[in-house]
2 protein chains.
Amino acid sequence: MTLQQLRYLCEVAKQGLNISAAAAALHTSQPGISKQIRILEDELGVTVFVRSGKRLVGITAEGKAVLAAAERMVHEADNLRSLGKELRTPDEGILTIATTHTQARYVLPPVVRKFSDRYPAVKLILHQGNPEQVADAVASGNADLAIATEAVAANPALLTLPCYQWNRCAVVPPGHPLLGQAPLTLQALSQYPLVTYDFSFTGRAKVNEAFAALGLNPNVVLTALDSDVIKTYVELGLGVGVLASMAYDPARDANLRAIDASHLFQPSVTRVALRRGHYLRAFHYHFIELFAPQLTQSVVQSALLGDAPDFVI
Amino acid sequence: MTLQQLRYLCEVAKQGLNISAAAAALHTSQPGISKQIRILEDELGVTVFVRSGKRLVGITAEGKAVLAAAERMVHEADNLRSLGKELRTPDEGILTIATTHTQARYVLPPVVRKFSDRYPAVKLILHQGNPEQVADAVASGNADLAIATEAVAANPALLTLPCYQWNRCAVVPPGHPLLGQAPLTLQALSQYPLVTYDFSFTGRAKVNEAFAALGLNPNVVLTALDSDVIKTYVELGLGVGVLASMAYDPARDANLRAIDASHLFQPSVTRVALRRGHYLRAFHYHFIELFAPQLTQSVVQSALLGDAPDFVI
DNA sequence: CACCGTTACGGTATCCGTAAGGATT
DNA sequence: AATCCTTACGGATACCGTAACGGTG
C-alpha cells in the first residue's frame, strides 16, 4: 500500500470513475494509474471499482469504505505537507477563499487589504460562487475557507462559525415616492415592482418570509446573482431594489438612494466555513480574525476540536 | 513522502529514538531507516529529531506535530488493511484482549468458549496485566480491546463502556468464626487480618473507602495481584480474604467458604476499553456483545462516533 | 571497546511512460 | 469512429542490504 496508490484511487473517484481524466489531473499516464489501482485492490483483496468490460461503472459497497479511508489518509498527507511549509516559511503560502459576490465585492476588500499588508508573500485566490458551490469548494478541499450567508451549515464535514449580522436596505432612484414616507413599511414596498437576489442567495429566504408573514405577495420582477446587477436595473427604473446594506455605498452609488429596511426583515448572519480535519496555517487563522475579530485562533481551534457548541455573536 | 517513511518515523520514536532497534523491529536495516528519515525531513523541511553528533537525543517541538500526524496516518493504514481482511475473510483474524487476572480467569472463559465456537478461525491472544498496563496496551495498539475495572478511563484516546457491576465476598476456611454471624459487617471483618487485592487493582479503592467511612482501620496483612494467590493464603490461615464474588467457585474452592459482602462495599463496574479511531472487525464487535449483551455493534459504533454520552447499565 | 548513526556502493525491484490491443458507446 | 481500460515492454529511478567510517559514552 502506497500513498501514491491511495491518491490515484481518490482522484479516479473524484473524476467520476475516469482513469484517463485522473491521469491528466495528476500529470501521469493512464496505464500507471490503472496498474497501481489493480495492485492495491490485490493487496487489500477488495475490488473497489465495478468494471463492465474495460470500463469503470461504479464503486462497490466495500469500495466506498476503502475510499473513505483513502481520502482520510490523502488528506492527512496534505495536512502534513502544509505543516512542513508552515514551519519552514510561516508567512508564505496560498490562501484560497470561496465566497459570494456580495462578500467579495463589498465586505472583503478592506480585510484583504490589511491581510496583504501583513502577509505580502501569501498568494490570495478568490473562488466566487453561490453559497452551495462555496460550501462544496471547502468540503472538497478546493478552498481553505468559505464566507457566505446561508446553506453552508448542511455538510457535516464543515464547521461554520458566525461572523457578523447584517440586514437590508431598499434602493431607489432619486426622487422616488418612497423617499418621502418614513419609515419604510412592507406594505409600501409591496406596491412597487421589486428587484432582489436570486432565491439561492444571501438570505433571500428572509425577504420572502417577511412578506409572507403579512400575507403580502410582492411582485418580484427580476432576481439577480449579485448586488451590482440589482443596482443597475434599479437605475434603469425597473423597480425598487432590496439589497444587503453593505452593498450600498453613498459615494459610489451617487445616482441611487438607500432607505433603511433593517426593521422589516430578520437579520442574516454571515458565517465562515472550515473543513473539519483540514490543517490551517497561522495566516489562515489570522485572516479569519481580521474578518471577524471575535474568532481568534484559539476560539476557532477549540471549535474545530468539537467541544464548542454553536454560539451566537 | 511515503507511508514507509512515516512508519519508520513512528517506530524510531516508539523505540526510544533508537534507529537500530526500530530496524530490528521492522526487519530491515539501520541505514535504510536512517536515510529515509533524512529524506522525509528534507522534503518536509522539518528536522524531527534532535541529533547530538551521531545520536538521536530528542524530538523537536515541530517534530512532535509531525510525529502525531505520522502516527495518525500509519494507524489509518493499519485500519485499511484490517478492512481488507475483514471484507475478504470476515471470520478469520486475530483478537487481542488485554485484561486483568480476575477477568481472564473467572469471567472470560465462558465468553471465550462461545466465541471460539462461533469463530474457530480467529486466533485469540490474551495480554494480562494491571489495569494501567491493560489500558496502555490498547492505547498503543498492542491490543484490540481491554477489559478491566478501574483506571482505564483516564486516557482520552480510549473509549470505555460499562459492561457489568460486581461486588465482593469474604472467603474464609471452613469453621471460621465469621461463618456463624450473619450478616457480615465491616466491624466484624476488621477484627481479622485481611488478604485482598493490590492497591492498583480491581476496585481495591472501594474496599478502603468503605472501612474509612466508618473510621475503621483494617489490618491488611497481604495484598496480591490475583485472586488465586489470595485464596491460597486464606487456605493457609493467614487471614480473611476479600475477593471479587465471581472469583469464588463453590465447586472448585471446596476448602473455602464464601460470605456475601455486597452490602458492605460500593459496587465496581467492569468496563471494556477501545481505542478511538481503531478499526474494529465484525468479530471484535461480536466478542464485546458476547461479553456484555447490551453492547451491540450499533451501540458501540455510535459511542465510538462520540455522540453517546456516558451511560449506565 | 561497544554501541550507534552516517556515508558509500552495488544489485534488485519497482514504478513510470510509450506503444499496442480489445471493448464499449 | 472515438473513447477508454488493459496488457506488454523497456528504461530510469528509488529502495534496500552489505560494508566501511566516524563519534560517543
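In this predicted model, 19 residues surround DNA strand D. The ones that come nearest are Ser20(A), Ser34(A), Arg51(A), Lys54(A) and Thr28(B). By type, the residues of this surface split into six charged, eight polar and five nonpolar.

Which helices supply at least two residues each of the surface near DNA strand D? Chain A brings α2 (19-26) and α3 (30-44). Chain B brings α1 (3-14) and α3 (30-44). The largest share, three residues, comes from α3(A).

What part of DNA strand D lies within 4 Å of the protein? Of those atoms, 72% belong to sugar or phosphate, and the rest belong to bases. Three side chains of chain B have a polar atom close to a phosphate oxygen of DNA strand D, as listed here.

| Residue | Distance to a phosphate oxygen of DNA strand D |
|---|---|
| Gln4(B) | 2.9 Å |
| Tyr8(B) | 3.3 Å |
| Thr28(B) | 2.5 Å |

Thr28(B) also belongs to the nearest residues named above.

Now to a sheet in chain B. Five strands form an open sheet, in the order β9-β8-β10-β7-β11, with mixed pairing. Its edges are β9 (220-224) and β11 (257-260), each of which pairs on one side only. Neighbouring strands are turned by 30° against each other on average, direction ignored.

Inside this order, β8 (194-197) and β10 (240-244) of chain B run parallel and are joined by two bridges. Leu194(B) stands opposite Val240(B) in β10(B). Helix α8 (204-213) of chain B packs on the sheet. This helix touches β7 (168-172), β8, β9 and β10 of chain B. The direction of α8(B) makes about 140° with that of β8(B).

Key. Residues are numbered from 1 along each chain as its sequence is written. Chains are lettered from A and ligands numbered from 1 in the order in which they are written. This is a predicted model: local features need pLDDT of at least 70, side-chain atom pairs count only at pLDDT 80 or more; totals for chains, interfaces and linings use all residues. Side-chain values use heavy atoms; hydrogens and water are left out. A residue is near a molecule or strand if one of its heavy atoms lies within 4 Å of it. A polar contact is a pair of N or O atoms within 3.5 Å; within protein, one must be able to donate a hydrogen and the other to accept it, and residues adjacent in sequence count only if both atoms are side-chain atoms. Helices (H or I, at least four residues) and strands (E, at least two) are DSSP runs, numbered from the N terminus. Ala, Val, Leu, Ile, Met, Phe, Trp, Tyr, Cys and Pro count as nonpolar, Asp, Glu, Lys and Arg as charged, and the others, Gly among them, as polar. Two strands pair if DSSP finds at least two bridges between them. Axes are lines fitted to C-alpha atoms, for helices over the stretch in contact, and angles run from 0 to 180 degrees between N-to-C directions. Contact means heavy atoms within 4.5 Å.
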